[in-house]
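Q: I would like a close look at one part of this model, followed by a walk through its other parts. Please keep the answer plain and connected.

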Amino acid sequence: MAPRTASDLVVRARGVRRAFGPVTVLDGADLDIARGEVVALLGGSGSGKSTLLRILAGLDPAASGDFTVPAQHAVVFQEHRLLPWKRVIDNVGLGVDDRTRCTDALAEVGLADRARAWPIELSGGQAQRVAFARALAREPSVLLLDEPFGALDALTRLRMQQLFGRLRARHGFAALLVTHDVEEALLLADRALVLDRGVIAADLPVELEHPRAPDAPGFGVLRRRLLDLLGVPSAA
Amino acid sequence: MTLVAAPDSDVASAQPPQKAKRRVRWQRTISPVLILVLWETASRTGVIAEDKLPAPSTVLQTGWRLARDGTLGDHLLDSLTRAAIGLLIGGTLALVLGSVAGLLRAGDDAIDPPVQMARMLPHLALVPLLIIWVGIGESMKITLVALGAFFPLYFNTYAGIRDIDERLVEAARTCGLNTWQRIRHVVLPGALPSLFLGLRLAIGAAWLSLVVGEQTNTQNGIGFLMMEAREFSQTDVVVLGLFVYAGLGLLSDLLLRILERRTLAWRRGLQAT
Ligand SMILES: Nc1ncnc2c1ncn2[C@@H]1O[C@H](COP(=O)(O)OP(=O)(O)OP(=O)(O)O)[C@@H](O)[C@H]1O
Ligand SMILES: [Mg+2]
């Protein structure tokens with residue numbers, strides 16, 4: 001990997017700490033994301049992935065540490081979190097003045113024709129696409145994604161992952177992708193981090209050709225390594 | 001692109017079967033009409049004594065007579081004015097205090113405990129005390145209405161704000177909305193269903209308070225009309241007063257429901273545009 005200089009970084013976090021009462025969840029985590037880089041964040045359940053993402057998103061005032069995240073960032077959560085009382089287009093336009101940017105974003109996720117619909121009328125996958133459009137409309141330099149495909153069925157998830165790949169190729173945003181899915185990380189990310197015991201315990205570059213597929217050469221090896229890092233023993 | 005951008009065909013066309021709905025509505029009018037017919041015949045045939053309970057047709061005739069000479073309209077206006085002023089005062093206070101208690105921790109600590117305590121007092125039992133405090137005049141009636149309207153609206157405002165999904169507020173924050181924008185785009189619309197419920201209950205309580213308030217020392221209003229008629233044993237006017245009170249309650253409920261349906265269209269999705 002090419003050496004990164006400070007000016008290349010969009011996200012830089014040093015010594016991030018967060019404790020809930022007596023339980024220290026993050027104990028000095030360091031994290032860098034370069035311009036346009038997609039970083040997957042893996043870790044066991046309860047390891048603090050969401051906590052770290054929320055801190056970077058500026059949603060956790062109780063955290064300590066040094067971190068810089070550009071103001072031009074957007075968040076997509078596991079649930080779509082659309083406001084049920086606003087039509088799709090108004091949800092996308094929340095806090096964005098430029099209407100054409102909103103319609104464009106909606107068109108990019110293939111939902112231009114549902115602009116006037118209420119969120120209640122959307123399927124789970126459609127709602128999550130609207131959540132992506134809402135993030136895109138902000139023209140973020142970095143996207144923070146907390147298991148954005150986690151609540152979707154397998155087929156929809158695959159389509160969403162492809163959509164993510166296309167959007168990323170077009171817009172060149174950087175992203176922090178929290179996921180528990182090793183394959184997803186290897187399909188989408190340039191680098192995979194493993195969070196363990198409150199620190200980034202492993203940093204694994206994913207140097208695979210695009211477009212990627214689970215049956216491509218090299219994929220299986222990386223998959224095995226990541227699973228090892230996550231403490232999942234290989235099947236006997 | 002085609003894979004995801006394909007037009008969606010999974011739009012649920014969840015139009016309810018209109019016919020069935022209409023039939024149910026229609027069926028629900030049978031029993032009230034039947035009761036009226038029974039009442040009418042019982043009065044006409046003398047089963048019910050005329051001076052105990054006049055026939056509905058007699059009550060309607062009386063209503064028509066009083067409406068034509070303007071008596072009914074004048075008294076109705078007086079009652080409505082009282083209800084409106086009381087509702088406005090009690091409602092505004094409830095909205096303000098409920099919002100402060102719902103939005104601010106300090107407000108919650110300061111406002112909610114005393115309100116919770118006061119809630120235990122049946123406000124209609126305060127009439128003797130109110131008479132000592134503000135006299136038996138107009139202010140007593142308005143205070144009573146305001147008190148009646150205050151509590152349901154306060155509690156529903158408070159609960160409506162408290163029950164808002166914190167995750168939506170958080171999402172709005174990640175969209176760059178400041179505190180006031182979050183209140184306007186998330187808290188207010190999110191609390192609206194609860195506010196409507198509170199308003200409905202408040203209006204009900206206001207009518208009830210008005211009925212009680214208008215029975216002591218009044219020179220006008222529907223309650224006065226009834227009390228006066230009782231002294232002269234004009235049962236038809238007394239029953240007419242009851243009809244008017246009931247009609248007012250029904251009407252206000254209906255108006256509010258219509259308003260609610262319009263404002264909360266998002267809850268029903270496709271059916272409204
Ligand atoms: N608001 C909170 N109050 C108390 N404890 C919390 C809070 N939020 C998170 N925690 C704790 O912090 C730890 C990390 O939680 P977090 O949600 O970051 O995990 P995660 O890595 O995202 O897990 P998952 O993969 O299941 O989503 C957990 O042990 C959790 O119980
Ligand atoms: Mg999580």
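Is Arg197(A) buried or exposed, and what surrounds this residue in the chain?

A: The model is a predicted one. In it, Arg197(A) has a relative accessible area of 73%. Buried would require a value under 20%, and exposed one over 50%, so Arg197(A) is exposed. Along the chain, Arg197(A) sits in a loop of chain A, with strand S8 (191–196) on one side and strand S9 (199–205) on the other. The backbone of Arg197(A) has a positive phi of about 55°, although the residue is not a glycine.

Chain B offers a residue to set beside this one. Ser233(B), which is not a glycine either, also has a positive phi, of about 55°. Ser233(B) is placed in the loop that runs between helix H11 (222–231) and helix H12 (235–263) of chain B. The relative accessible area of Ser233(B) is 58%, and because exposed means over 50%, Ser233(B) counts as exposed.

A residue inside a helix of chain B gives the opposite case. Thr157(B) belongs to helix H8, which covers residues 138–162 of chain B. With a relative accessible area of 2%, Thr157(B) is buried, since the limit for buried is under 20%. A polar atom of the Thr157(B) side chain lies 2.6 Å from the backbone oxygen of Leu153(B). If neighbours within four places in sequence are left aside, the residues in contact with Thr157(B) are Ala94(B), Leu95(B), Gly98(B), Ser99(B) and Leu195(B).

Now to chain B as a whole. Chain B contains 12 helices and zero strands, and from the N terminus on every element in the run is α. Of the 273 residues in chain B, 39% are buried. Contacts between residues at least 6 apart in sequence can be sorted by separation: in chain B, 73% of them join residues at least 24 apart. The accessible surface of chain B is about 16100 Å², and carbon and sulfur atoms account for 66% of that surface.

A record adds an annotation for part of this chain. In an unreviewed entry, UniProt lists residues 76–256 of chain B as "domain: ABC transmembrane type-1". In the model, that span is 84% helix and 0% strand, and its end C-alpha atoms are 20 Å apart.

Back in chain A, the remaining part to describe is the surroundings of ligand 1. The residues around ligand 1 include Phe20(A), Val25(A) and Glu147(A), and also Gly44(A), Ser45(A), Gly46(A), Ser47(A), Gly48(A), Lys49(A), Ser50(A) and Thr51(A). By type, this shell divides into two nonpolar, seven polar and two charged residues. Helix H1 (residues 49–56) of chain A supplies the largest share of the shell, three residues.

Some of these residues come within a few ångströms of oxygen atoms of the ligand. An oxygen atom of ligand 1 is 2.7 Å from a side-chain N or O atom of Lys49(A), and a distance of 2.7 Å is also found between an oxygen atom of ligand 1 and a side-chain N or O atom of Ser50(A). For Ser47(A), a polar backbone atom is involved, at 3.2 Å from an oxygen atom of ligand 1. On its own, ligand 1 has 640 Å² of accessible area, and the protein covers 54% of it.

Notes:
Residues numbered from 1 in each chain as written. Chains lettered and ligands numbered in written order. Predicted model: local features only at pLDDT ≥ 70, side-chain atom pairs only at ≥ 80, totals over all residues. Heavy atoms only, no water. Near = heavy atom within 4 Å. Polar contact = N/O pair within 3.5 Å; in protein donor to acceptor, adjacent residues only side chain to side chain. Areas by Shrake-Rupley, 256 points an atom, 1.4 Å probe, with all protein chains shown as cover. Helix = DSSP H or I, 4+ residues; strand = E, 2+ residues; numbered from the N terminus. Nonpolar A, V, L, I, M, F, W, Y, C, P; charged D, E, K, R; others polar. UniProt positions renumbered as here; feature names shortened; annotations may be inferred. Buried < 20%, exposed > 50% of the residue type's maximum accessible area, 1.4 Å probe, protein only. Contact = heavy atoms within 4.5 Å.
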